[in-house]
Amino acid sequence: MTIDLNPQRRGFLKCMTWAGTAMVWTVAGGVPRSRLIGSAEAATTDFTFVQISDSHLGFDKPANPDVTSTLKVALDDVTALKQQPSFMIHTGDITHLSKPAQFDTAAQLCGATKLTMHTVPGEHDILEEDGKSYLNRFGKGTKGDGWYSFNAGGVHFIGLVNVMNLQANGLGSLGNAQLEWLEDDVKHLTSSTPIVVFAHVPLWMVYQDWGWGTSDGAQALTYLKKFGSVTVLNGHIHQVMQKVEGQVSFHTARSTAFPQPAPGTAKSPGPMVVPAGELKQHLGIASVKLVSSKAPLAIVDTPLAS
Amino acid sequence: MTDMMQPGVIARRLLLRRALGAGAVVVIATRAMAAEQGAQVKIDNFTFSPTPLTVKLNTTVTWANHDDMPHSVVCPALKLKSPPMDTDGTFSHTFDHVGTFDYVCGLHPFMHGQIVVQA
């Protein structure tokens, strides 16, 4: 485990842990900066966006019998922001079983925010028709299995799909076609362009035994070496993990539906049932804690021992 | 596709039973019963159990998911891909080829299982 407190190396990222189900990112001076929803900050003119993840609409088990309500709470937090973000990113597992009604509920709830939502699929979103039920709804203008890029606020955003061909060891994978596209996509960008990559399964190896990583994620990152600021946003593991490695910062978001255990702390990565009344705390809605950017980052090198 | 129990198989066995002598009936009846009962694989805590599972040819294997997350059965050698099984969901497949068949959960491929089919 390394904790790098050298401000030169991590200066682009004023990072903190957060306890909100949605996370706001501010790009000030070309530098992405995260802050918590719920933290009291005056509205600014900075470019902001929000990340939500793993809403699992359709899940109704003891870990959270009402995932629709908790998604609503998260979205209410978003709409209550003093400065409305430019858009939302959903990092996958929008639904639990890829059912049309589950996608419809997601579209209805997220649409009510009036914000554009950029998505990538999780493995729970492609269970029907080899992913076509997802692509028919969210795949417009995307390449391959649903990957794409766009520019906003001076940042180059890249949405990657790493759940279509899960490997025998359980890891996510991007595949050659997507890697070639990525290499080409960033080739003509100047190295000062801030890059935000988002995908469902963590691109870095969080915990191999549970498939919490992407087999060819490191290959993707080699194409991003020249950039001074790379921020990687993932979901899938329903908990916050952060790591800074050189100019690349990695973050995983909490779920809006249910928590999962920390790596290796349970027999399986199944939904974690928490005592009644504590769910929102685990989803982070009720308790927002902001850690000063001068404090050490919660850096996690993989894998954690069980 | 040979998923689920095939009524035709049972009917054919009944016909066969009538055609054969008393000695054969016992054997065939036993086999038919085994096929009807089939074999079970439980899914608990992201684990297939038992595995490996050895069965006779033409046994129907039924997977039952007891987790709070969906799982599936994917066996590349058989080009077999089950729909996701939600909690308490099941999936059955009749193994009509002798061999050793490795499978995984399509959603969580770190979950491995194996069915050994013997003549």
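User: In which sense do strand β4 (residues 59–65) of chain B and β7(B) pair, and over how many bridges?

Analyst: Strands are DSSP runs of E with at least two residues, and helices are runs of H or I with at least four, both numbered from the N terminus. Two strands pair if DSSP finds at least two bridges between them. Here β4(B) and β7(B) pair in the antiparallel sense, over six bridges. Within β7(B), Phe91(B) is the bridge partner of Trp63(B). This is a predicted model, in which local features need pLDDT of at least 70 and side-chain atom pairs count only at pLDDT 80 or more, while totals for chains, interfaces and linings use all residues. Residues are numbered from 1 along each chain as its sequence is written, and chains are lettered from A and ligands numbered from 1 in the order in which they are written.

User: To what sheet do these strands belong, and in what order do its strands run?

Analyst: The sheet of chain B is open and has four strands, in the order β2-β1-β4-β7, with mixed pairing. Its edge strands are β2 (47–49) and β7 (90–95) of chain B, each of which pairs on one side only. With axes taken as lines fitted to C-alpha atoms, neighbouring strands of this sheet are turned by 20° against each other on average, direction ignored.

User: Which residues does a cis peptide bond join in the loop between β2 and β3 of chain B?

Analyst: Most peptide bonds are trans, and most residues other than glycine have a negative phi. Ser49(B) and Pro50(B) are joined by a cis bond with omega about 0°. Pro50(B) is placed in the loop between β2 and β3 (53–56) of chain B. Pro52(B) is found in that loop too, and the bond from Thr51(B) to Pro52(B) is cis, with omega near -5°.

User: What is the phi of Glu129(A), and is this residue buried or exposed?

Analyst: A residue is buried if 20 or more other C-beta atoms, placed from the backbone, lie within 10 Å of its own, exposed if 12 or fewer do, and partly exposed in between. Glu129(A) is not a glycine, yet has a positive phi of about 50°. Glu129(A) lies in the loop between β5 (116–119) and α4 (132–138) of chain A, and is exposed, with 11 other C-beta atoms within 10 Å.

User: Where does His236(A) lie, and is His236(A) buried or exposed?

Analyst: His236(A) is in the loop between β9 (230–234) and β10 (241–245) of chain A. Although not a glycine, His236(A) has a positive phi of about 80°. His236(A) counts as buried, with 31 C-beta neighbours inside 10 Å.

Terms used:
Axes are lines fitted to C-alpha atoms, for helices over the stretch in contact, and angles run from 0 to 180 degrees between N-to-C directions.
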